[in-house]
Amino acid sequence: MRHRKFGRTGFTTTDIGFGAWQIGGAWGDVSEADGRAALNAALDAGMSFIDTADVYGDGRSEKIIADVLKDRGGQRPMVATKAGRRLSPHVADGYTRENLEGFIDRSLKNLGVERLDLVQLHCPPTEVYYRPEVFHALEEIKAAGKIANYGVSVEKVEEALKAIEYPGVVSVQIIYNMFRQRPAQLFFKEAARRQVAVIARVPLASGLLSGKITRDTAFAADDHRNFNRQGDAFDVGETFAGVPFETGLKAVEEIRALVPAGTAMAAFALRWILMADAVSVVIPGARNAAQAEANARAASLPALSEDVMEATREVYYRLVAPHVHDRW
């Protein structure tokens with residue numbers, strides 16, 4: 001895998017990292033053994049960035065990461081976690097220093113460290129980005145030595161652009177894939193100008209861009225691709241990137257024709273994301289070791305041609321953009 005600078009933090013990460021949502025929960029039955037195997041396979045492949053959150057399995061994901069890294073020893077990868085979604089109700093007024101520090105203390109314990117590499121506000125209400133006191137609180141927690149850096153995980157481009165106005169924000173995690181192309185317009189340029197790291201999440205549109213999902217695919221009751229298709233549990237943009245299921249399947253079939261022979265569609269989708277220089281790391285998830293290994297191999301694919309990139313843009317604007325472009 002290749003390495004990229006993680007903004008202005010001084011960290012350098014592999015361009016493909018490990019998204020640890022699946023090993024926490026909300027993706028059907030993923031055993032702890034499979035979760036450990038997936039993470040170990042990712043690290044064996046050289047991945048040096050792990051993304052998790054305190055609500056993934058109510059801390060399960062963080063604890064698995066801590067145990068695996070302790071067992072392996074040696075040089076640690078960069079571990080990013082998130083805070084804020086434990087609030088109930090999840091409202092802007094809950095983003096106080098007291099609450100944030102409490103969440104951070106819990107993550108410190110779960111991850112078994114004295115300082116978090118990176119903590120990200122976990123898709124807070126839009127109003128939070130217009131409250132300077134929230135970011136001042138993060139500065140104070142950083143000064144206290146509990147976090148090395150802080151950033152945000154956002155739903156909307158608007159939120160990303162507002163967040164990077166705060167000088168302490170070093171990273172933005174945002175949905176970016178062939179079904180969510182809007183960040184490449186203005187946001188990527190501004191992030192690069194300000195040396196803000198970009199973490200691309202939901203790279204496979206919840207599996208749609210793997211090319212393996214069909215109309216007959218059944219999802220478990222505890223899989224968000226079953227229970228959150230209409231946004232009943234959290235932002236609908238997190239499930240299939242917000243694209244209506246049937247529309248997504250149609251777009252996938254058109255994109256499939258662009259994938260080189262012998263290349264997995266999931267790998268093609270990851271390589272597409274890495275064509276953007278502004279992206280610091282992309283964080284596909286993995287339910288098992290084989291998926292983690294396949295994700296790592298995507299980094300070695302050759303660059304995509306401009307003709308292929310233009311063809312994916314045409315599919316996006318014709319089929320997908322009417323559903324997502326102006327919403328997120």
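How are helix 2 and helix 3 oriented to each other? They are oblique to each other, because their packing angle of about 40° falls outside the ranges for roughly parallel, antiparallel or perpendicular helices. Keep in mind that this is a predicted model. Besides that helix pair, here is a friendly tour of the aromatic rings, with 11 aromatic pairs counted, and of one residue in helix 6, Ala192.

**Helix 2 against helix 3**
- Helix 3 covers residues 97–111, and its axis runs 7 Å from that of helix 2.
- On the helix 2 side, the contact is made by Glu62, Lys63, Ile65 and Ala66.
- Helix 3 brings Ser107, Asn110 and Leu111 to that contact.
- Sorted by class, the residues in the contact are three nonpolar, two polar and two charged.

**Trp21 and Tyr56**
- Among the 11 aromatic pairs, the one formed by Trp21 and Tyr56 is stacked, because the ring planes meet at 20°, with the ring centres 5.8 Å apart.
- Trp21 sits in the loop between strand 3 (18–19) and helix 1 (32–44), while Tyr56 belongs to the loop between strand 4 (49–51) and helix 2 (60–72).
- The pair therefore ties together parts that are 35 residues apart in sequence.
- Buried or exposed, where do Trp21 and Tyr56 fall? Both are buried.
- Trp21 and Tyr56 also belong to one aromatic cluster, together with Phe227 and Phe234.

**Tyr176 and Trp272**
- Here the ring centres are 5.2 Å apart and the planes lie at 35°, so this pair counts as tilted; the stacked label would need planes under 30 degrees apart.
- Tyr176 is found in the loop between strand 8 (169–175) and helix 6 (187–193), and Trp272 is in helix 9 (residues 265–274).
- With their positions 96 residues apart, the two link distant parts of the chain.
- Tyr176 and Trp272 are both buried.

**A charge over a ring**
- Arg229 places its charged end over the ring of Phe245, at 4.3 Å from the ring centre.

**Ala192 in helix 6**
- Ala192 is part of helix 6, the helix that follows the loop holding Tyr176.
- Its relative accessibility is 48%, so Ala192 counts as partly exposed; the exposed class begins over 50%.
- Along the chain, Ala192 and Val279 are 87 residues apart, yet their C-alpha atoms are separated by 9.0 Å.

Notes:
Residues numbered from 1 in each chain as written. Predicted model: local features only at pLDDT ≥ 70, side-chain atom pairs only at ≥ 80, totals over all residues. Heavy atoms only, no water. Phe/Tyr/Trp six-rings, centres within 6.5 Å; stacked < 30°, edge-to-face > 60°. Helix = DSSP H or I, 4+ residues; strand = E, 2+ residues; numbered from the N terminus. Buried < 20%, exposed > 50% of the residue type's maximum accessible area, 1.4 Å probe, protein only. Lys NZ or Arg CZ within 6 Å of the ring centre and 35° of its normal. Axes fitted to C-alpha atoms, helices over the stretch in contact; angles between N-to-C directions. Parallel < 35°, antiparallel > 145°, perpendicular 65-115°, else oblique. Contact = heavy atoms within 4.5 Å. Nonpolar A, V, L, I, M, F, W, Y, C, P; charged D, E, K, R; others polar.
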